[in-house]
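I opened my notebook for a walk through this model, one lookup at a time. Pull up a chair and follow along.

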Amino acid sequence: MNTETLAAAQEIDFSLLALFARATLTVKMVMLMLLAMSFWSWAITIKKHIAFRLARSESAVFDQAFWSGEPLDELFERIGSEPVGASEKIFASGMLEWRRSHRDDGGLIAGAQARIDRSMDVAIAKQSERLNNGLSFLATTGSTAPFIGLFGTVWGIKHAFEQIAVSQNTSLAVVAPGIAEALLATGIGLMAAIPAVVFYNKLNADSEHIIGGYEAFADEFSTILSRQLDA
């Protein structure tokens, strides 16, 4: 490599902002899309982390109240028919159906147990949908961001080769900037994809654990009501 070519290469600015500024419009759009996906993934992750922590805290408080020995009717009256917490909503849905299943003479309408179970299943499904809302975006980002970045890289390399053909010069000063700009798109794609995959797996496992707790509580509550029905 001659001295003039080396000096020209050293004068080129390879900072991230400079690489972005020199990129073609298509590559810039790819980079901006990937940055937006990364930002939104982090926002969802932080939001879900806070929501899951509140859900676990609420469940712990309610479980303590439920197993404290307080009569279920009194607990239901204290919580009300429109509670805020997820565990309270599941409990309230079962208790509300339990009360609706009683006739005016105090007897029970046939099929009460099945209706109570279905009512709590519906409440659990709603809470499951709320907990999992947004996680699909993390999965989509994790699976598509590398390929979107690769598209930007391919497009940038194509543009670099076109510049080489136009200038009829294959020196480092001509080749390096275009290749570096193209590879930046892949780097941003990986930067968006890797955290999204990690956070999706973690949050999905946390969601399943919380929902499993709801289902376990519903089964225990259903068993208690079943004993009263049999009695």
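**Entry 1: helix α6**

I began with α6, where 21 residues at 1.5 Å a residue should span 30 Å, and the end C-alpha atoms are indeed 30 Å apart, which agrees. I should jot down at once that this is a predicted model, so please read every value here as computed from it.

Next I asked which residues of α6 are buried. My list reads A112, I116, S119, M120, A123, I124, Q127, S128 and L131. I then looked just past the helix and found that α6 is followed by G134, whose phi is positive, near 100 degrees.

**Entry 2: the whole chain**

I stepped back to count elements. The protein chain has 8 helices and 0 strands, and along the sequence the pattern reads α-α-α-α-α-α-α-α. I also looked up burial for the chain: 39% of its 231 residues count as buried.

**Entry 3: helix α5**

I ran the length check again on helix α5, residues 86-100. This helix has 15 residues and reaches 21 Å from first C-alpha to last, close to the 21 Å expected at 1.5 Å a residue.

Then I collected the buried residues of α5, which are A86, S87, I90, F91, A92, S93, G94, M95, E97 and W98. I picked out M95, which lies in helix α5. Why does M95 count as buried? Its relative accessible area is 2%, and the cut-off for buried is under 20%.

I wanted one distance from M95 as well. M95 and M120 are 25 residues apart in sequence, and their C-alpha atoms are 9.3 Å apart in space. M120 is among the buried residues of α6, so I noted the pair as a link between this entry and my first one.

**Entry 4: salt bridges**

A reminder to myself before the search: side chains of opposite charge can pair when their charged atoms come close.

How many salt bridges are there in the whole structure? The search finds 5, and I followed up some of them by name.

I took R99 as my starting point. E77 forms a salt bridge with R99, with the closest N and O atoms 2.7 Å apart. E77 lies in helix α4 and R99 in helix α5, so this pair ties together parts that are 22 residues apart in sequence.

D73 forms a salt bridge with R99 too, and here the closest N and O atoms are 3.7 Å apart. This pair links distant parts of the chain, with D73 in helix α4 (residues 72-79) and R99 in helix α5, 26 residues apart. I wrote down D73, E77 and R99 as linked in a network of salt bridges.

Are these three buried or exposed? E77 is exposed, with a relative accessible area of 53%. D73 counts as partly exposed at 40% relative accessibility, and R99 counts as partly exposed at 32%.

I moved on to E97, which forms a salt bridge with R115, the closest N and O atoms being 3.3 Å apart. The pair links distant parts of the chain: E97 sits in helix α5 and R115 in helix α6, 18 residues apart. E97 counts as buried at 15% relative accessibility, whereas R115 is partly exposed, with a relative accessible area of 22%.

**Entry 5: the negative patch**

I turned to the surface and asked where negative charge gathers. D121, E215, D219 and E220 form a negatively charged patch there. Which helix gives the largest share of this patch? Helix α8 (residues 172-230) does, with 3 residues.

D121 took me back to where I started, as this residue lies in helix α6 (residues 112-132). D121 counts as partly exposed because its relative accessibility is 47%, which falls between the 20% and 50% cut-offs.

**Entry 6: a nonpolar patch**

My last lookup was a nonpolar patch on the surface. L32, L35 and M191 make this patch, with an area of about 270 Å². I placed L35 in helix α3 (residues 25-66). At 38% relative accessibility, L35 counts as partly exposed.

Note on methods:
Residues numbered from 1 in each chain as written. Predicted model: local features only at pLDDT ≥ 70, side-chain atom pairs only at ≥ 80, totals over all residues. Heavy atoms only, no water. Patch = residues over 30% accessible without salt bridge, like charges linked within 9 Å, V, L, I, M, F, W, Y side chains within 5 Å. Areas by Shrake-Rupley, 256 points an atom, 1.4 Å probe, with all protein chains shown as cover. Salt bridge = Lys/Arg side-chain N within 4 Å of Asp/Glu carboxyl O. Lys, Arg positive; Asp, Glu negative; His and termini not counted. Charge placed at Lys NZ, Arg CZ, Asp CG, Glu CD. Helix = DSSP H or I, 4+ residues; strand = E, 2+ residues; numbered from the N terminus. Buried < 20%, exposed > 50% of the residue type's maximum accessible area, 1.4 Å probe, protein only. Expected span 1.5 Å × (residues − 1).
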